[in-house]
Amino acid sequence: MKSKNIATVILFILMAFPALRGQEVAVKTNLIYDALLSPTLGVEVGLAPKWTAEIDGTINNWAINDRRWKQWMVQPEIRYWFCQSFSGHFLAAHLIGGQYNFGNLKNNIKFLGTDFSQLTDHRYQGWMAGVGIGYGYSWILSRHWNLEAEIGIGWIYTRSDVYNCFDCGKKIRTDVPHNYVGPTKAAINIIYVF
């Protein structure tokens, strides 16, 4: 029975995407996020000669000394390419969603109405959702390899519980909303195109 279900799913995928060929599917990782200990993996699929759809996922789960930065995030994106898909300039629109648990991240950063220095003395645990637009460029390195750069801006809405310290269970505020406006994507992707 199980193999029949798997065969049905494979048949459905083949029927849903009958025109997929080589140069229309790519896998990628964002070297910037990877360097920040937030491993990423993405898949991009060609939809039409100048349109692609992508979904990236990022996850990290680290606590170093008394600092905490845990999150998962997904970022689906639709792209319009000026010349042809997977090559040259593109414009993008993306969604953002995920959960986070940040705390004791010493900094003094205030940016476009968001005070990141609050992460120095408190821990924030909650969820996020947002939208953004982006611009990027993809360089063809060889038949199967590309290098891509992208920057995005947008809006993210968050709701979080605030805790007094890194590992404390004492909640000092509940369900605190916040609107963030600013960069929503920074990527230097290494891409393998099938």
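Of the 194 residues in the protein, 38% are buried. The structure is a predicted model, and its secondary structure consists of 2 helices and 10 strands. Read from the N terminus, the elements follow the order α-β-α-β-β-β-β-β-β-β-β-β. Among contacts with a separation of 6 or more, 60% are made by residues 24 or more positions apart. The accessible surface amounts to about 11,300 Å², and carbon and sulfur atoms contribute 69% of this area.

The largest nonpolar core contains 10 residues, namely Y33, M73, I96, Y100, F102, Y124, M128, I156, V162 and Y180. Two or more residues of this core are supplied by each of β5 (88-103), β8 (123-140) and β9 (145-163). The largest share, 3 residues, is that of β5.

The interior also holds 1 cavity of 30 Å³ or more. The volume of the largest cavity is about 100 Å³. Its lining is formed by 15 residues, of which N30, Y33, T40, D56 and T58 are the closest to the centre. The elements β1 (25-30), β2 (40-48), β3 (51-64), β4 (67-81) and β10 (171-193) each give two or more residues to this lining. In terms of residue class, the lining comprises 5 nonpolar, 7 polar and 3 charged residues.

Y33 appears in both descriptions: this residue belongs to the largest nonpolar core and is listed among the residues closest to the centre of the largest cavity. When residues up to four places away in sequence are not counted, Y33 touches S38, P39, T40, T58, M73, T184, K185 and A186. Among these partners, M73 is another member of the core, while T40 and T58 are cavity-lining residues.

Definitions and conventions. Residues numbered from 1 in each chain as written. Predicted model: local features only at pLDDT ≥ 70, side-chain atom pairs only at ≥ 80, totals over all residues. Heavy atoms only, no water. 1 Å grid on protein atoms, 1.4 Å probe; cavity = no way out; pocket = protein on both sides within 12 Å on 5 of 7 lines; lining within 4 Å. Points joined across faces, edges and corners; volume = space filled by probe spheres on them. Helix = DSSP H or I, 4+ residues; strand = E, 2+ residues; numbered from the N terminus. Nonpolar A, V, L, I, M, F, W, Y, C, P; charged D, E, K, R; others polar. Core = buried A, V, L, I, M, F, W, Y, C linked by side-chain atoms within 4.5 Å. Buried < 20%, exposed > 50% of the residue type's maximum accessible area, 1.4 Å probe, protein only. Contact = heavy atoms within 4.5 Å. Areas by Shrake-Rupley, 256 points an atom, 1.4 Å probe, with all protein chains shown as cover.
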